[in-house]
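Biologist: I would like to learn how to read an interface and a surface patch from coordinates. Could you take me through an example?

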Amino acid sequence: MIELSVASLTLWTGALLTGLALVRLLTVEDLIARLIALNLTGGGTLLILVGLAARTEPVDPVPQALALTGIVITVAFTGVGLILVRAVDDDERPSRSADGRAHGHDEEANA
Amino acid sequence: MSALLPAAVLLPVITALACLALPRRAQPISGFLGGLASAAVNAAVVVAVTSHGVLEHHMAGWAPPLGIALRADGLAAAFVGLTGAVGFATLVFAASAEATTGRRTGFWPLAMLTWSGLMGIFLAADLFNAYVALEVLGLSAVGMVALGGRGAPRAALRYLIVAVVGSMLLLTAIGLVYAATSTLDMDLAGQRLTAEDGWLPLVLAATGMGLKTALVPMHAWLPPAHAGSPPAVSPLMSALVVKGSFYLILRLWLDVFPRNDAVALVLGVLGAVAVIWGGVLALAQRRLKRIVAYSTISQVGYLFLAFPLLNLPGHQPAMVSAVVAMALAHGLAKAAMFTAAGALMLGTGTDHVDGLVGAARSEGVLTAGMILSAVSLIGLPMSLGFTAKWQYLEVALQTGAWWIVLVLLTGTLLAAGYLLRPLAALIRDSDTHEEVGQAEIGPRPAAQRWVPLALGAMAVGAGLFTTDLTALTSIGWG
C-alpha cells in the first residue's frame with residue numbers, strides 16, 4: 001500500500017476538488033450553481049497550496065500566506081459574482097415580459 | 001529614480017480612491033488629472049530605463065527574498081509606455097462625454113484600478129505580486145464590462161468566471177514553482193527550476209493565461225465582453241487588459257520556466273488557428289464593434305505564434321522585439337479602432353456597418369484615424385504592424401518555419417478583408433445596392449474625433465522607430 005501522509009492527502013483532495021468543480025463549472029447552467037462551482041475551484045486551489053506547505057517539517061509558512069491571500073481574493077470575487085448574478089436577473093427580467101421590441105437586436109448579436 | 005516604480009503602481013490607486021470619494025460629475029476631472037500624472041510617470045519610467053538601464057526598487061528598503069521588489073527592464077518599460085499612451089488617450093475620450101462611460105457610475109475608479117493592476121503585473125519582480133496584480137486587473141476589468149448596456153451583466157459574469165479560473169491555474173502553478181524552488185523571486189526561481197519540475201506549472205500557467213488572453217479555443221467569452229462594453233471601456237479591454245495576461249506568460253516563459261519545445265509548439269499552433277479562425281469570424285460580422293472584437297482574437301493569435309520562434313537559440317532577442325512590436329501595434333491600433341467605433345455608435349445610435357454609410361463625409365478626422373489604424377492592423381508597409389510582421393517573417397524564413405510564413409500571409413489577407421468592409425461603408429457616398437440611406441451623425445466632441453486619429457497615427461508612426469524599440473526591449477537581459 002502507498003503510505004498516505006496528511007500533506008499528500010490534502011494535496012490530492014485539493015486537486016480532485018478543483019477538477020470536479022471545474023467540470024461542474026463548465027456543465028451547469030444555473031448562475032448561482034456556477035458561482036458556487038467557481039468558489040469551490042478557488043477552495044480546491046487553496047487546498048493544493050496548503051498541501052504543498054505541509055510537505056516539509058516544520059510547515060512552510062510561505063504557501064500558507066499565499067493561501068491566506070487567496071482566501072481574501074476568493075471572498076472578493078464571490079461577492080462581485082453575487083452582485084453580477086443579481087444584475088443579470090434585473091437585466092433580463094423585462095425582456096421576458098411583453099416588451100421585446102426595443103432591444104431585440106442586442107440579444108441576437110450574442111447568438 | 002527607482003521611486004518611479006512604486007509611484008507608477010500607487011498613483012493610479014490613489015486616483016481611483018479620489019474618484020470613488022467624489023460625485024459622478026466631478027470624477028472625470030479628478031480621473032483625468034490622475035491619469036495625466038500617471039501617464040507622465042509611465043513616460044518617465046520609459047525614459048529612465050532607456051537612459052539608465054534596469055530600474056529596481058525594494059519596497060520599504062527590504063531586499064528580496066524577504067521584501068517585495070519592483071523591477072523595470074526594457075520589456076516591462078515597453079508595456080508601461082503602451083499603458084501610458086493608450087490609457088491617457090482613452091481617458092481623454094472618456095472625459096469628452098458621460099455617455100462614453102456607460103449608464104452606471106464607476107468607470108473612473110475602475111479604469112484607474114485597471115491601470116494600477118497593469119503596472120503591478122509589468123513591474124512585479126516576484127511571482128506572488130504578479131498574481132495579486134493580475135487579480136486586481138481581472139476584477140476591475142469585470143467591473144468595467146458590467147457598466148455596459150443590455151446583456152452586459154451576463155457578459156461580465158462570464159468574464160469573471162474566465163478570469164478567476166485563469167488566475168487560479170496561475171496560483172497553482174506559482175505554488176508548484178515555489179515547492180520546487182523555495183523562492184517566489186522570478187530570477188531565483190528561474191535559476192533553480194529544472195525541466196522535470198517545470199513542465200506542469202508551465203502547462204497550468206500557459207492554460208490560465210491563454211484563457212485570460214482569449215487564445216483559441218478559449219476565446220468565446222471575448223466578443224460579448226469587448227463589444228458589449230461602453231465606448232470608453234472597449235479600448236482599455238482590448239488594447240491593455242488582454243496584454244496584461246499575455247505579458248505575464250511571456251515574462252514567465254523568458255525568466256522562469258525552462259525551455260519546453262512541446263508547449264511552445266502547442267501555443268504556436270493554437271496561435272496560428274486563432275489568426276485564421278478569428279479572421280474568418282470577423283469577416284462574418286455585420287456590426288463594427290463585433291468586427292473589431294473578433295479581430296482581437298485573430299491578433300492575439302499573432303502574439304502566441306511567437307512562442308515556437310522564441311525558443312530558437314540565437315533568435316530570442318529578435319523575437320522578443322518582434323512580439324513586443326506586435327503587442328504595441330495591436331494595442332495602439334485597436335484602441336484607435338474601438339474609440340472610433342464608440343464615437344460612431346454614439347453619433348448614429350448603431351454600429352451596424354450598413355448604418356454607417358457615408359459617415360466619412362461629416363466625420364473625416366475620425367475616419368482618417370480608422371484608416372491609419374487599419375493600415376497598422378493589416379500590416380501595410382511603414383506601420384508598426386508591418387515591422388512587427390516583418391520581424392516575424394525574417395526569423396521564420398531564416399529557420400525554415402514555413403507554416404508561420406503561411407499564417408502571416410493568410411492573416412494579412414483576412415485582416416484586409418474584414419477591415420475594408422466597414423471602411424468602405426464609411427467612405428462611399430450612399431448605398432447603391434441596398435435600401436439604406438446616408439448615416440445621420442450627431443456632431444461629435446473634438447476629443448472623440450482626434451483621439452482615434454492620434455492613436456492611429458501612433459500605430460503607424462511608431463513603425464519609424466523600430467530600431468529604438470528593439471534597443472529598448474533588449475535592456476536588462478539576453
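Modeller: Gladly! This is a predicted model. Let us begin where the chains meet: the area buried between chain B and chain A is about 3000 Å², and carbon and sulfur atoms give 74% of it.

Biologist: Why is an area used for this?

Modeller: The size of an interface is often given as the accessible area lost when the parts come together.

Biologist: How many residues of each chain are in contact?

Modeller: On the chain B side there are 31 residues, and they touch 36 residues of chain A.

Biologist: How many salt bridges does the rule find across the interface of chain B and chain A?

Modeller: The rule finds one salt bridge there. B:R154 pairs with A:E92, and their closest N and O atoms are 2.7 Å apart. The cut-off for such a nitrogen and oxygen pair is 4 Å, so 2.7 Å qualifies. As for polar contacts, the count between the two chains is four residue pairs, with both residues at pLDDT 80 or more.

Biologist: Which elements of chain B give two or more residues to the side that touches chain A?

Modeller: Those are α5 (127-145) and α6 (152-181) of chain B. The largest share comes from α6(B), with 17 residues.

Biologist: And the partner, chain A: how many helices and strands are there?

Modeller: Chain A has four helices and zero strands, and along the sequence the pattern reads α-α-α-α. To see how the chain folds back on itself, look at sequence separation: among contacts between residues at least 6 apart in sequence, 62% join residues at least 24 apart. Of its 111 residues, 36% count as buried. Chain A exposes about 6900 Å², with carbon and sulfur atoms supplying 66% of that area.

Biologist: Now the surface patch, please. Which residues make the nonpolar patch of about 500 Å²?

Modeller: The patch is made by B:L265, B:V269, B:V273, B:W277, B:V280 and B:W403. Helix α11 of chain B, residues 261-283, gives the largest share, five residues.

Biologist: Take B:V273, in helix α11 of chain B. Why can B:V273 count towards a patch?

Modeller: A patch residue needs over 30% relative accessible area. B:V273 has 38%, so this valine passes that cut-off. In the burial classes, B:V273 is partly exposed.

Biologist: Thanks! I will go back to the view and find helix α11 of chain B, where B:V273 lies, and then the salt bridge of B:R154 with A:E92.

Conventions:
Residues are numbered from 1 along each chain as its sequence is written. Chains are lettered from A and ligands numbered from 1 in the order in which they are written. This is a predicted model: local features need pLDDT of at least 70, side-chain atom pairs count only at pLDDT 80 or more; totals for chains, interfaces and linings use all residues. Side-chain values use heavy atoms; hydrogens and water are left out. Patches are made of residues with over 30% relative accessible area and no salt bridge: like charges are joined within 9 Å, nonpolar side chains (Val, Leu, Ile, Met, Phe, Trp, Tyr) within 5 Å. Accessible areas come from the Shrake-Rupley method with a 1.4 Å probe; for residues, only the protein chains shown count as cover. A salt bridge is a side-chain nitrogen of Lys or Arg within 4 Å of a carboxyl oxygen of Asp or Glu. Buried means under 20% relative accessible area, exposed over 50%, partly exposed in between (1.4 Å probe, protein chains only). Contact means heavy atoms within 4.5 Å. Buried area is the accessible area (1.4 Å probe) that two parts lose on being put together, summed over both. A polar contact is a pair of N or O atoms within 3.5 Å; within protein, one must be able to donate a hydrogen and the other to accept it, and residues adjacent in sequence count only if both atoms are side-chain atoms.
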